[in-house]
Amino acid sequence: MHELGILSAMVKTIETVAKQEQLQRIEKIVLQVGELSGVVPSYLESCYPAAVYKTFMENTALELEIVPGIARCNDCGAEFNAVACDLQCPECASQNLTALSGRELVIKEIQGC
Ligand SMILES: [Zn+2]
């Protein structure tokens with residue numbers, strides 16, 4: 001599954017950060033997931049226990065922050081939620097869009113001690 005691979009890569013990234021920051025224990029990680037990132041938040045949540053199983057992050061919590069997928073129409077300048085509008089401008093029906101937000105898939109916070 002796509003999401004499991006993403007999470008496994010993040011576990012490695014977080015492991016590197018935790019060593020640099022000399023964190024003894026991680027309690028929670030916060031991920032920002034954009035609606036246009038192609039990642040399904042509920043899959044991330046259901047894959048998480050498998051991704052951290054037998055790693056130093058076992059028993060940590062995952063918190064997701066969903067970033068709305070906002071786009072601007074390149075033809076008329078309207079700004080709207082691209083996901084809600086089915087990737088089409090609600091004003092002029094153009095599909096010539098620029099994503100303003102919602103593509104992110106980033107580790108926002110690592111809470112540890
Ligand atoms: Zn438009």
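Two strands count as paired if DSSP finds at least two bridges between them. The exercises below apply this to a predicted model.

**Exercise 1.** Determine how strand 1 and strand 6 are joined, and place this pair within the sheet.

*Solution.* Begin with the bridges: strand 1 and strand 6 are joined by 7 of them, and the two strands run antiparallel. As pairing asks for at least two bridges, the criterion is met by this count of 7. Within the pair, Val-30 has Glu-109 of strand 6 standing opposite. Next, widen the view to the sheet, which is open, consists of 3 strands in the order 2-1-6, and has mixed pairing. Strand 2 (61-67) and strand 6 each have a single partner strand and stand at the edges, so each has one side without a neighbour in the sheet. From one strand to the next, the twist averages 20 degrees.

**Exercise 2.** Work out where the buried residues of helix 1 lie around its axis, and what they pack against.

*Solution.* Start with the extent of the helix: helix 1 covers residues 2-21, and its 20 residues reach 29 Å from the first C-alpha to the last, close to the 28 Å expected at 1.5 Å a residue. Then list the residues of helix 1 that are buried, namely Glu-3, Ile-6, Leu-7, Met-10, Val-11, Ile-14 and Ala-18. Viewed down the helix axis, these buried residues fall within an arc of 145 degrees, so they line one face of helix 1. The face turned away from that buried side carries Lys-12, Lys-19 and Gln-20, which are exposed. Finally, identify the partners: the buried residues of helix 1 pack against strand 1 (26-34), helix 2 (41-52) and strand 6 (105-112). After helix 1 comes Gln-22, with a positive phi near 55 degrees.

**Exercise 3.** Describe how helix 1 and helix 2 are placed relative to the strands.

*Solution.* Take helix 1 first: this helix lies across strand 1 and strand 6, and runs at about 45 degrees to strand 6. Helix 2 packs on the sheet, where it touches strand 1 and strand 2, and its direction makes about 170 degrees with that of strand 2.

**Exercise 4.** Locate Leu-36 and find which residues it touches beyond four places away in sequence.

*Solution.* Leu-36 belongs to the loop between strand 1 and helix 2. Leaving aside residues up to four places away in sequence, Leu-36 touches Gly-69, Ala-82, Val-83, Leu-87, Ala-99, Ser-101, Gly-102 and Arg-103. For Leu-36 and Gly-102, the separation is 66 residues in sequence, whereas their C-alpha atoms are 4.9 Å apart in space.

Key
Residues numbered from 1 in each chain as written. Predicted model: local features only at pLDDT ≥ 70, side-chain atom pairs only at ≥ 80, totals over all residues. Heavy atoms only, no water. Expected span 1.5 Å × (residues − 1). Buried < 20%, exposed > 50% of the residue type's maximum accessible area, 1.4 Å probe, protein only. Arc of directions from axis to C-beta. Contact = heavy atoms within 4.5 Å. Axes fitted to C-alpha atoms, helices over the stretch in contact; angles between N-to-C directions.
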